[in-house]
Amino acid sequence: TLSDNAGEHDVSAQYQLEAENERLHDELADAKGHIQAYEQQLLAYDEDINNLLNTIAVLTAEKNKAVTAHAAAREQADQDRRASVENAKRAAQRHIEELEARHAGELQAATARV
């Protein structure tokens, strides 16, 4: 009868609602699982980025040390070169003075003989 049809319709609608509710619940659980997986990926990417930033910081510090050491070595080489030039100038001046003294001595000896 009509009331039996209405009752069956209510039961059928109730089963459909429960099935839809279960399907939506499963989809929500799947979505939560995907979100957790994406969060894990993001955490891994964040860790990778931090590791790369740390590596960049270490490499930058090493590069700066190398640049500083190179500049210090270049300055030391320049100082050594200047000192070497000064030593060579002093040695040349001493040699000139020795030659002049010998020449003066020889000139004096030659003059004394005349």
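**Entry 1: Leu42 and the nonpolar patch**

I began with Leu42, which is found in helix H1, residues 2-113. I note at the outset that the model is a predicted one. I then asked whether Leu42 is buried or exposed. Its relative accessibility is 57%, so Leu42 counts as exposed, the cut-off for that term being over 50%. I next looked up the surface patch to which Leu42 belongs. Leu42, Tyr45, Ile49, Leu53 and Ile56 form a nonpolar patch on the surface. Together these residues have about 530 Å² of accessible area.

**Entry 2: The negative patch**

I turned to charged residues and asked which of them form a negative surface patch. I recorded Glu18, Glu22, Asp26 and Asp30 as its members. From this group I examined Glu22, which lies in helix H1. Glu22 counts as exposed because its relative accessibility is 52%.

**Entry 3: Salt bridges, Glu27 and Arg23**

I asked how many salt bridges the structure holds. The number is five. As background, I wrote down that side chains of opposite charge can pair when their charged atoms come close.

I looked up the pair Glu27 and Arg23, whose side chains meet in a salt bridge at 2.2 Å, N to O. I wished to know how far apart Glu27 and Arg23 are in helix H1. They are four residues apart there, and therefore separated by about one helical turn. Glu27 has 42% relative accessibility and so counts as partly exposed. Arg23 also falls in the partly exposed class, because its relative accessibility is 38%. I further noted that Glu20, Arg23 and Glu27 are linked in a network of salt bridges.

**Entry 4: Asp78 and Arg81**

I then checked Asp78 and Arg81, whose side chains meet in a salt bridge with an N to O distance of 2.3 Å. Both residues lie in helix H1, three residues apart, which is about one turn of the helix. Asp78 has a relative accessible area of 24%, so I entered Asp78 as partly exposed; buried would require under 20%.

**Entry 5: Lys89 and Glu86**

I finished with Lys89 and asked with which residue Lys89 forms a salt bridge. The partner is Glu86, and the closest N and O atoms are 3.7 Å apart. This value is admitted because the cut-off for a salt bridge is within 4 Å. Lys89 and Glu86 are three residues apart in helix H1, so about one helical turn separates them. Glu86 is partly exposed because its relative accessible area is 37%.

Terms used:
Residues are numbered from 1 along each chain as its sequence is written. This is a predicted model: local features need pLDDT of at least 70, side-chain atom pairs count only at pLDDT 80 or more; totals for chains, interfaces and linings use all residues. Side-chain values use heavy atoms; hydrogens and water are left out. Patches are made of residues with over 30% relative accessible area and no salt bridge: like charges are joined within 9 Å, nonpolar side chains (Val, Leu, Ile, Met, Phe, Trp, Tyr) within 5 Å. Accessible areas come from the Shrake-Rupley method with a 1.4 Å probe; for residues, only the protein chains shown count as cover. Helices (H or I, at least four residues) and strands (E, at least two) are DSSP runs, numbered from the N terminus. Buried means under 20% relative accessible area, exposed over 50%, partly exposed in between (1.4 Å probe, protein chains only). Lys and Arg count as positive and Asp and Glu as negative; His and the chain ends are not counted. The place of a charge is taken as NZ of Lys, CZ of Arg, CG of Asp or CD of Glu.
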